[in-house]
Amino acid sequence: MRILNRVKFYFSHQIPLIIGCCIGITLSLILIPVLEEHCFSHAPNEIISGMRTEPPEILPVTVDEYVPVLNLNNKPKKALRAEKIQVPRARYYSTELGIREKLFVGILSTPDSILTFGSALNRTLSKHVNKIIFFLEGAELEISESSVGSVVGFPDKREILAPFNMLQYIAENFIDEYDFFFFTKDTTHIRGKNLFDLVSHISITQNVHLGEPLDVDSLYCTLDAGILLSHSVLSKTVRDLEWCIQHTFSQSNSNNFGRCILHGTDQPCVSSVQGQSFISHHVSKFDSLESSIQKSSWPKDLKYALTVYSVSNQEEHFLIHHYFCQQELIDNQHELQEIQLKISNLSSYLPVNFSKTSWPVGIEPPFKPHGRFDVLPWVYFNTTHNFFPNELQVVSELKGLNKLEIQDLLKCTVHWVKAKYNDKYIYQKLVNGYKRFDPTRGTEYILDMFFLEDATGQEMLKRIAAVRPLNEVEIIPVPFVTEHTRVVLLVPVKASERNEALRFLEDYAKACIEKQDSTVMLLVFLYGPQDPGKGEKEDVFGPVKDLVNTYVNKYRSNGAKIAWFSVKTIGKMPPYFAIIDLVSRKLSSESLLLLCHVGMEIRPEYINRVRMNTILKTQVFFPVPFRQYHPALAYKHITLPDNVEVKKDLGHFDVQSFEHASFYLADYLAIRKEMESKISMIKLDKDLRNEYLYSLHFDLFEMFLQSKLHVMRAVEPDLRIRFKFDMCDLESNVLTYQECLHNREQNLGTKSQMAAAILSHAELDTKDGFQFNGIL
């Protein structure tokens, strides 16, 4: 009660103040609108109209040019997007920059001479110029000979118009692609290298009308010797070809052609430009070209000639080409001798501790090993065999290119001895031969040879050193390939390899299916004559087929494709080409086949290299696998790992293995069709009963070697084969059986490992200490 009384007493004194404030606020809210209206009513009319219609006038004195002013009257409601201007770009940088090829050669020919003169010119000239085309005078023809090259035929049979038809075709197709154009007839031999060197030393901005004038004071060049035109001159010439055709009244193509050039460019024929001379030689029909070349009666300055014209037949083209090549070889040898002499003279000025020049002068010195592991070994050889060619072989017979190498070496050596000693010695035989390959300089040889002195008949032993130097590395153009090609893994499986096949499928699922690699697997089940097959309860390959179905259902979303193909055999392993014959009906001809073995490890890196190394219509791939040694020998004191390791003591690269291959089915079928007359196609299982197939020492590798395809043979570190003791078939031919025994011995282990095992077995004098029967 006391508190309420105090509050009442306090507010009783403040009531007048509170009532006054409320009355004041109410009056202000009522009177403010009336006062504002009264103010606007007393303002001038021009001010009111200006506020409503026009902005107030700003005096120049109050303008500040640094204060930003926003003008929103013309602002669009939506932001305008700038239109994208698409500038057309050329396909190649050279087109935008105006970079052209150097030299185009156009040759006038006839249907009668295109396969003779044209073929000879194409073979001797095409590798030196950028483009060569033959233009036929007469009906348009289709030339199927690949030795001729590009051929263009015109239906116009008038010979005098042939040069202008040629110019018209070039103006429509090649005028902006080349800097220089050379025109001549197919009766003219052209030295392509010299012609290309000539145009390489002439500026592309120079107006060039170069050739051999018809006469001393003639303004025209002879078309027989050849006419060289620059791009600028030819561009002006082809602008008015109608005038050239209308004024073709001469029977000489050279006169008509020269008149046309002179009309379009006012550029007369000259025989030299910018210090480069055009030299040509005319062969008279009364001269014997062959006798002139053999007697060396040709002019000495002929080696500078660009063309030799009025050639009468195809043989003379090749004869002239041979003559010039021989002269260039002699000049190069003289030049090399001079360079070697200069190098030898300069070697005396080298510091004392600096290595002197080695023999042969101008070639890299021999490799100096840094330790005993870097020493390059010498291989002993004679005319028939190599001895200790590698650490795995004692002797190997000289075959193929190795035999041709030794024969060529002996031939060159005997020729050098005869030239050096003026036929004083007669070669008898090779006593000793040593060779080694030095990666820095080439192959070195040391030869001990018996010679018989012609005058006295005395035998003399001479030691001769020779070097076959390495040539420059060349980049070989090949068709484009990608790593996205689908690979078909073709896996033959025998009944004894069922367990390996199960593990192989598990590896394939992890390495390819789960990673969605573009691969397909085709298992080829090889049933024996007594093996229960398809449709029977105890199918010998039943577990493998069940696992295949499991993976197909499990990885259906990943696009897993695994299939099998059953083949009934006679109990022997059929050749690989017979297996491919049978499965080829199930595959597309564009398929890339990879022949696999169930004992291999599947690695994506290996499959990618297969894609890159296998080229359609060009190349097949036969990799050299790394084969694991016997675990009891290689892993005697080491735990056996799950994967094969590439180490010297754990395995080796099996160069005798040819069971892994990759190729396109179209290439295989083309080669197989050529060999069908010798070995008929295997179409059914019953064709495998032919005993002739198993007597052949012949398979895929030999088949591709006989074809035109390039066979690539290289070490593949990602192709690793687990150890398995091979069982050699006694019923196979003798050579195959011996090779099987030899390969089985090589795959057991290193020599030191096998020697240690034999010594250990001998010391224990019991077979319990070492399971020797399990290995041998």
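1. Two strands are said to pair if DSSP finds at least two bridges between them. In this predicted model, that idea can be followed first in strand S7, residues 227-230, which pairs with strand S4 in the antiparallel sense over 4 bridges. Within that pairing, Phe182 stands opposite Leu228 in S7, and a reader who finds these two residues in the structure can use them as a starting point for the region.

2. Strand S4 itself covers residues 178-185, and it is mostly covered, since 7 of its 8 residues are buried. Besides the antiparallel pairing with S7, S4 is joined by 7 bridges to strand S1, residues 101-109, and here the two strands run parallel. For Glu101, the bridge partner in S4 is Tyr178.

3. Strand S18, residues 487-494, can be described in a similar way, for 7 of its 8 residues are buried and the strand is mostly covered. S18 pairs in the parallel sense with strand S19, residues 519-527, over 8 bridges, and it also pairs in the parallel sense with strand S21, residues 592-595, over 4 bridges. Leu490 is a helpful residue to look at here, as its bridge partner in S19 is Leu522, while in S21 it stands opposite Leu595.

4. Which helix makes a right-handed β-α-β unit with S18 and S19? The helix is H13, residues 498-513, and the student may wish to trace the chain from S18 through H13 to S19 in order to see this unit.

5. Strand S21 deserves a point of its own. In a regular strand the side chains alternate between the two faces of the sheet. In S21 both faces are covered, with Leu592 and Leu594 buried on one side and Leu593 and Leu595 buried on the other. Apart from the parallel pairing with S18, in which Val487 stands opposite Leu592, S21 is joined by 4 bridges to strand S24, residues 661-664, and these two strands run antiparallel. In S24, the bridge partner of Leu594 is Ser662.

6. Strand S22, residues 619-628, holds Gln619, and Arg627 is found in that strand as well. Is Gln619 buried or exposed? Gln619 counts as buried because its relative accessible area is 10%, and the cut-off for that word is under 20%. Arg627 likewise has a relative accessible area of 10%, so it is buried.

7. The side chains of these two residues also take part in polar contacts, which should be read together with their burial. The side chain of Gln619 is joined to that of His710 by a polar contact of 2.9 Å, whereas the side chain of Arg627 is joined to that of Asp654 by one of 3.1 Å.

8. Finally, the surface should be considered beside the covered strands. Ile15, Ile19, Ile23, Leu27, Ile30 and Leu31 make a nonpolar surface patch of about 570 Å². One of these residues, Ile23, has its place in helix H1, residues 2-42. Ile23 counts as partly exposed because its relative accessibility is 48%, a value that falls between the limits of 20% for buried and 50% for exposed.

How values were computed: Residues are numbered from 1 along each chain as its sequence is written. This is a predicted model: local features need pLDDT of at least 70, side-chain atom pairs count only at pLDDT 80 or more; totals for chains, interfaces and linings use all residues. Side-chain values use heavy atoms; hydrogens and water are left out. Buried means under 20% relative accessible area, exposed over 50%, partly exposed in between (1.4 Å probe, protein chains only). A crossover is right-handed if, with the strands pointing away from the viewer, the path from the first strand over the helix to the second runs clockwise. Patches are made of residues with over 30% relative accessible area and no salt bridge: like charges are joined within 9 Å, nonpolar side chains (Val, Leu, Ile, Met, Phe, Trp, Tyr) within 5 Å. Accessible areas come from the Shrake-Rupley method with a 1.4 Å probe; for residues, only the protein chains shown count as cover. A salt bridge is a side-chain nitrogen of Lys or Arg within 4 Å of a carboxyl oxygen of Asp or Glu. A polar contact is a pair of N or O atoms within 3.5 Å; within protein, one must be able to donate a hydrogen and the other to accept it, and residues adjacent in sequence count only if both atoms are side-chain atoms.
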